[in-house]
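Me: Please take a close look at one buried position in this model and its helix. Then work outwards from there to the rest of the fold.

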Amino acid sequence: MRTYADHEAAVNPPQLRERVSRILDAISNLCLAVAGVLLVFLIAIFGWLVFGRYVLNNTPTWVEQASLLLVVYITCLGAASGVRGNTHLSIDFVREGMPEPFRTIFRYIADLFIVTFGAFMAFQGWGLVMTNLERAIPMIGLSESWRAAPLVICGGLIMLFAVANMVSRLSGNDSDEGN
């Protein structure tokens, strides 16, 4: 049976924000971990390529297409995580040179651009996924949709993380030094 204290803890906005923030940080860390594992796999298959070409004199042709696929996943997952941690590419010298009220407004405008970009990326990526279901990636036989799927995932995560950063800033919990 739930007590009043349990109910109060469940609806307490600071605790809820902290819990959501921890979940989003975990998702971001998972993106980085998956990207890291894929990077190790990418290095390993290039090692196999060199070994096959120069030692076995039999070049594995699938490595090029597999590496292109892996690079898309590594890049997209890293980009989404960068939005969460405010480590993404940002040109902010104009914004930071302005007085504080304008600086804050421009931070929200930048976040809105990031949300819009993420939505566009997810929407267009979904279109690519749906139109390439029947096409196979040469030499590895997977659907071309596997190449477009990271755009949908990354776009969705970018939107989620940018909105979370805006909400955090609105609640006064984020100084936004890195963005």
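Reply: Arg-107 has a relative accessibility of 8% and therefore counts as buried, the limit for that class being under 20%. The model is a predicted one, and what follows describes that prediction. Arg-107 belongs to helix α5. Its C-alpha atom is 8.7 Å from that of Met-166, although 59 residues separate Arg-107 from Met-166 along the chain.

The helix that carries Arg-107 comes next. Helix α5 covers residues 100-131. It has 32 residues, and the distance from its first C-alpha to its last is 46 Å, close to the 46 Å expected at 1.5 Å a residue. Arg-107 is one of the buried residues of α5, which also include Arg-103, Tyr-108 and Asp-111. Further along α5, the buried residues are Ile-114, Val-115, Gly-118, Met-121, Ala-122, Gly-125 and Val-129. The cover over the buried residues of α5 includes α3, α4 and α6. Of these, α4 spans residues 93-96, and α6 spans residues 145-170.

Tyr-108, another of the buried residues of α5, has a charge over its ring. The charged end of Arg-169 sits there, 5.3 Å from the ring centre.

Past the end of α5, the chain enters the loop between α5 and α6, where Asn-132 lies. Asn-132 has a relative accessibility of 11% and so counts as buried. A polar atom of the Asn-132 side chain lies 3.0 Å from the backbone oxygen of Leu-128. Apart from neighbours within four places in sequence, Asn-132 is in contact with Ser-143, Glu-144 and Ser-145.

Ser-143 is found in this loop between α5 and α6 too. Its relative accessibility is 16%, so Ser-143 counts as buried. Its side chain has a polar atom 3.1 Å from the backbone oxygen of Leu-133. With neighbours within four places left aside, the contacts of Ser-143 are Asn-132, Leu-133, Arg-135, Ala-136 and Ile-137. The contact between Asn-132 and Ser-143 thus appears in the lists of both residues.

The wider fold can now be placed around this part. The protein has six helices and zero strands, which gives the pattern α-α-α-α-α-α along the sequence. Of its 179 residues, 34% count as buried. Among contacts with a separation of 6 or more, 67% are between residues 24 or more positions apart.

In soluble globular proteins, nonpolar side chains tend to be buried together. The largest nonpolar core here has 30 residues. At least two residues of this core come from each of α2, α3, α5 and α6, and α3 gives the most, with ten residues. The residues with the most contacts inside the core are Ile-45, Ala-80, Val-83, Cys-154, Ile-158 and Phe-161.

Ile-45 leads to helix α2, where it is one of the buried residues. Not counting residues up to four places away in sequence, Ile-45 touches Trp-62, Val-63, Ala-66, Ser-67 and Leu-70. The buried residues of α2 pack against α3 (62-84) and α6. Besides Ile-45, they are Leu-24, Ser-28, Cys-31, Ala-35, Leu-38, Leu-42, Leu-49 and Gly-52. Helix α2 runs over residues 13-54, and its 42 residues should span 62 Å at 1.5 Å a residue; the end C-alpha atoms are 61 Å apart, which agrees.

Other residues of α2 are partly exposed. Phe-41 lies in α2 and counts as partly exposed because its relative accessibility is 45%. The C-alpha atoms of Phe-41 and Leu-70 are 8.5 Å apart, with the two positions 29 residues apart in sequence numbering.

The structure holds one aromatic pair. Trp-48 and Phe-51 form this pair, with 5.7 Å between the ring centres and 35° between the planes, which makes it tilted. Both residues lie in α2, three residues apart, or about one turn of the helix. The relative accessible area is 40% for Trp-48, which is therefore partly exposed. Phe-51 is also partly exposed, at 38%.

Methods
Residues are numbered from 1 along each chain as its sequence is written. This is a predicted model: local features need pLDDT of at least 70, side-chain atom pairs count only at pLDDT 80 or more; totals for chains, interfaces and linings use all residues. Side-chain values use heavy atoms; hydrogens and water are left out. Helices (H or I, at least four residues) and strands (E, at least two) are DSSP runs, numbered from the N terminus. Buried means under 20% relative accessible area, exposed over 50%, partly exposed in between (1.4 Å probe, protein chains only). A polar contact is a pair of N or O atoms within 3.5 Å; within protein, one must be able to donate a hydrogen and the other to accept it, and residues adjacent in sequence count only if both atoms are side-chain atoms. Contact means heavy atoms within 4.5 Å. The expected span of a helix is 1.5 Å times one less than its number of residues. Rings of Phe, Tyr and Trp (its six-membered ring) pair if their centres lie within 6.5 Å; planes under 30 degrees apart count as stacked, over 60 as edge-to-face and the rest as tilted. A charge sits over a ring if NZ of Lys or CZ of Arg is within 6 Å of the ring centre and within 35 degrees of the ring normal. A nonpolar core is a set of buried Ala, Val, Leu, Ile, Met, Phe, Trp, Tyr and Cys residues joined through side-chain atoms within 4.5 Å.
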